[in-house]
Amino acid sequence: MAIAKAERLMNLALCLLGTRRPLSKRELRGSIEAYLEAGSDDSFNRMFERDKDDLRELGLVIETVENLDGDTGYLARRDSNRLPPITLDAEEAAALGLAAKVWQQARLAGAASGALQKLRAAGMPETEDAYEVHSALEPRIPVHEAAFEPLMLACRDRRPVTFDYRKANSARPEQRQVEPWTLECWRGHWYLAGWDRERGAERVFRLSRITGKVRSRAGAFSAEVPDVVTVRETVESWAGETATRTARIRIRAGAGYPLRSRAIAVRERGDGWDELEIPYGHGLDAWLVEFGPDVVVEEPADLRADVVDRLRAVAKD
């Protein structure tokens, strides 16, 4: 962040925290030098709105108040922006530190580090970081999809979104209108759980299959948001983690280690292939397609047909 912008944000935060009554845009513009130097009203308005959003993103609670004359004012009450007493013990502090370290290579790295700094300033005990040096463990959650950040913000703000989504067995993407609930990571892949408005049902979308931009839409959610546990169970089921049957597949020797780790039985065939029995649930066909020619489904027949259909769709793309 540029020094000039950081100073401007600090001045705006001090003005909002230091007032006992809401301050109008005009009053704020007259109190902050950077706003006085804005070339026009439009330039100031854009700058102020961006700064206000940035402060809210950093965690400052800014209230918007309309007086009897219809004028809009802003203030940040101290009691709304004061952390309660921190009573974490060393183990809890260590758990938070580890959780923040998971996000170091993701778009939430700044937010995670900032949250730790605030907690430490408020009295959270310092702990020795077992993952800092000479560790074989590197806790990370990879986030490569461009859709992650806009969907994360949409889940937080409860804003409907639209995006183009290509199913594994489709050559072309289709537009989806979704009320996003949460993002979950399963076996290295990110999934969005939410309410598909056109289909009138809950759906789970793999972020790597979202194409183009994620666009926000106005309006409130039309479906009730389930509790966190229920949503996670939904993602688990759609990601193929909930098994209802057993599948038998052939896999090339020396390939498909993620599949081998889930196998409940492995048999060497002696022809360069091994035979595996693995739990079969929703989404297994999409996962098997990722291994290409190294995997052949023996049974059940419906799983084999689904995998063949997906491979044909990919070949046409």
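The following paragraphs lead through the chain as a whole, its two sheets and its last helix in turn.

The structure is a predicted model. Its chain contains eleven helices and twelve strands. Of the 317 residues in the chain, 35% are buried. The accessible surface amounts to about 18,900 Å², and carbon and sulfur atoms account for 49% of that area. Contacts across the sequence are also informative: among those between residues at least 6 apart, 55% join residues that are at least 24 apart.

Strands of a sheet pair through backbone hydrogen bonds, in either a parallel or an antiparallel sense. One open sheet here consists of three strands in the order β1-β3-β2, and its pairing is antiparallel. The edges are formed by β1 (23–24) and β2 (63–66), each of which pairs on one side only. Strand β3 (residues 72–75) runs antiparallel to β1, to which two bridges join it. Within this pairing, S24 has G73 of β3 as its bridge partner.

Another open sheet has five strands, arranged in the order β7-β6-β5-β4-β8, again with antiparallel pairing. Its edges are occupied by β7 (201–206) and β8 (210–216); each has a single partner strand, so one side of each lacks a neighbour in the sheet. From one strand to the next, the twist averages 40°. The partner of β8 is β4 (residues 161–165), and these two strands pair in the antiparallel sense over four bridges. In this pairing, V161 lies opposite S216 of β8. A helix also packs on this five-strand sheet: α7 (residues 148–157) touches β4, β5 (174–186), β6 (189–196) and β8. The direction of α7 makes about 90° with that of β5.

The walk ends at helix α11, which spans residues 301–316 and thus comprises 16 residues. From its first C-alpha to its last, α11 reaches 23 Å, close to the 22 Å expected at 1.5 Å a residue. Which residues of α11 are buried? They are L303, V307, R310 and A313. These four residues lie on the same side of α11 because they cover an arc of only 125° around the axis. The face turned away from this buried side carries the exposed residues A301, R312, A315 and K316. Arginine therefore appears in both sets, with R310 among the buried residues and R312 among the exposed ones.

How values were computed
Residues numbered from 1 in each chain as written. Predicted model: local features only at pLDDT ≥ 70, side-chain atom pairs only at ≥ 80, totals over all residues. Heavy atoms only, no water. Expected span 1.5 Å × (residues − 1). Buried < 20%, exposed > 50% of the residue type's maximum accessible area, 1.4 Å probe, protein only. Arc of directions from axis to C-beta. Contact = heavy atoms within 4.5 Å. Areas by Shrake-Rupley, 256 points an atom, 1.4 Å probe, with all protein chains shown as cover. Pairing = 2+ DSSP bridges. Axes fitted to C-alpha atoms, helices over the stretch in contact; angles between N-to-C directions.
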